[in-house]
Amino acid sequence: MKNIFYFIVLVMLMGSCKVTEITQIPKKEFFSVLDFRKYAEKGFLITTEKYNGEYESIGIISYVMMPEAVRQRYITNSKSEKPIRPTPIIINWKIEDVYIQDAIEGIYNQCLKMGADALVNFNAESKSEEYLYTNPPVNIIGYRLTGFAIKRK
């Protein structure tokens, strides 16, 4: 009889631990724009296409921009003045915001230093670096830009 009572209590406890079930994912819309107008106004060409005119090869360029991450510790607020248990500490990563437009500015400046006035075969992609052996593990996302720097004739 005692075992039946424990079984019923166990079933009731398990039944009350319901996991929240997701039944709808909301619609999302967003735009991502790479604005080259600033560079075009200065006579610098950035294109994903090949350049068919005459040019001098400067070099293939790759630029990676990854944000900084700083590990932070947070002490959670205790509701009582003298907590019974030690105050929990949460460790998390604060990841710097990086913007692809800043990465474009970086690759543009490097092209100018090399003597280029155009970047053709331009490609932009997100880059991910996982740090699994940190506490806690963290995934950092940045950008990788590539292209062929040329000087148009």
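Rings of Phe, Tyr and Trp count as a pair if their centres lie within 6.5 Å. With that cut-off in mind, the tour of this predicted model can begin at an aromatic group.

**Stop 1: the aromatic cluster**

Select Tyr-39, Phe-44 and Tyr-108, which together form one aromatic cluster. The structure as a whole holds 5 aromatic pairs. For the rings of Tyr-39 and Tyr-108, the centres are 4.6 Å apart and the planes stand at 50°, so this pair is tilted. Tyr-39 belongs to helix H2 (residues 37–41) and Tyr-108 to helix H3; the pair thus links distant parts of the chain, 69 residues apart. Are these two tyrosines buried or exposed? Both Tyr-39 and Tyr-108 are buried.

**Stop 2: the whole chain**

Zoom out and colour by secondary structure. The protein has 3 helices and 6 strands, and their succession along the sequence is α-α-β-β-β-β-α-β-β. Of the 153 residues, 20% are buried. Display the accessible surface next: its area is about 12600 Å², and carbon and sulfur atoms contribute 55% of it. Among contacts with a separation of 6 or more, 74% are between residues 24 or more positions apart.

**Stop 3: the open sheet**

Select strands E1, E5, E6 and E2. In that order they make up an open sheet of 4 strands with mixed pairing. Which strands stand at the edges? Strand E1 (45–46) and E2 do; each has a single partner strand, so one side of each is left without a neighbour in the sheet.

Now restrict the selection to E5 and E6. These strands run antiparallel and are joined by 12 bridges. One position to label is Val-120, whose bridge partner in E6 is Phe-148.

Keep Phe-148 selected and add Tyr-55. Their rings form an edge-to-face aromatic pair, with 5.9 Å from centre to centre and 85° between the planes. Tyr-55 lies in strand E2 and Phe-148 in strand E6, so the pair ties together parts of the chain that are 93 residues apart in sequence. Tyr-55 is partly exposed, at a relative accessible area of 33%.

**Stop 4: the nonpolar core**

Show the side chains of Phe-44, Ile-46, Cys-111, Leu-119 and Leu-145. These residues have the most contacts inside the largest nonpolar core, which comprises 17 residues. At least two residues of this core come from each of strand E2 (55–65), helix H3 (100–114), E5 and E6. Helix H3 gives the most, with 6 residues.

Centre the view on Leu-145 and display its contacts, leaving out residues up to four places away in sequence. Among the residues that Leu-145 touches are Ile-61, Tyr-63, Ile-100, Ile-104, Ile-107 and Phe-122. Ser-62 and Asn-123 are also included in that set.

**Stop 5: the salt bridges**

Move next to the charged side chains; a search of the whole structure finds 5 salt bridges. Three of them can be visited in turn.

- Select Arg-144 and Glu-125, whose side chains meet in a salt bridge at 3.5 Å, N to O. Arg-144 lies in strand E6 (residues 138–152) and Glu-125 in strand E5 (residues 118–131), so the pair ties together parts that are 19 residues apart in sequence. Arg-144 is partly exposed, with a relative accessible area of 31%, and Glu-125 is likewise partly exposed, at 35%.
- Select Asp-35 and Arg-37, which form a salt bridge with the closest N and O atoms 2.6 Å apart. Asp-35 is partly exposed, with a relative accessible area of 25%, whereas Arg-37 is exposed, at 58%.
- Select Glu-29 and Lys-27, joined by a side-chain salt bridge of 3.2 Å, N to O. Both Glu-29 and Lys-27 are exposed.

**Stop 6: a loop residue**

Finish at Glu-68, in the loop between E2 and strand E3 (69–75). With 53% relative accessibility, Glu-68 counts as exposed. Which residues does Glu-68 contact, leaving aside its neighbours within four places in sequence? Glu-68 is in contact with Lys-94, Ile-95 and Glu-96. As a final selection, add Trp-93: the C-alpha atoms of Glu-68 and Trp-93 are separated by 9.9 Å, and the two residues are 25 residues apart along the chain.

Definitions and conventions: Residues are numbered from 1 along each chain as its sequence is written. This is a predicted model: local features need pLDDT of at least 70, side-chain atom pairs count only at pLDDT 80 or more; totals for chains, interfaces and linings use all residues. Side-chain values use heavy atoms; hydrogens and water are left out. Buried means under 20% relative accessible area, exposed over 50%, partly exposed in between (1.4 Å probe, protein chains only). Contact means heavy atoms within 4.5 Å. Accessible areas come from the Shrake-Rupley method with a 1.4 Å probe; for residues, only the protein chains shown count as cover. A salt bridge is a side-chain nitrogen of Lys or Arg within 4 Å of a carboxyl oxygen of Asp or Glu. A nonpolar core is a set of buried Ala, Val, Leu, Ile, Met, Phe, Trp, Tyr and Cys residues joined through side-chain atoms within 4.5 Å. Rings of Phe, Tyr and Trp (its six-membered ring) pair if their centres lie within 6.5 Å; planes under 30 degrees apart count as stacked, over 60 as edge-to-face and the rest as tilted. Two strands pair if DSSP finds at least two bridges between them.
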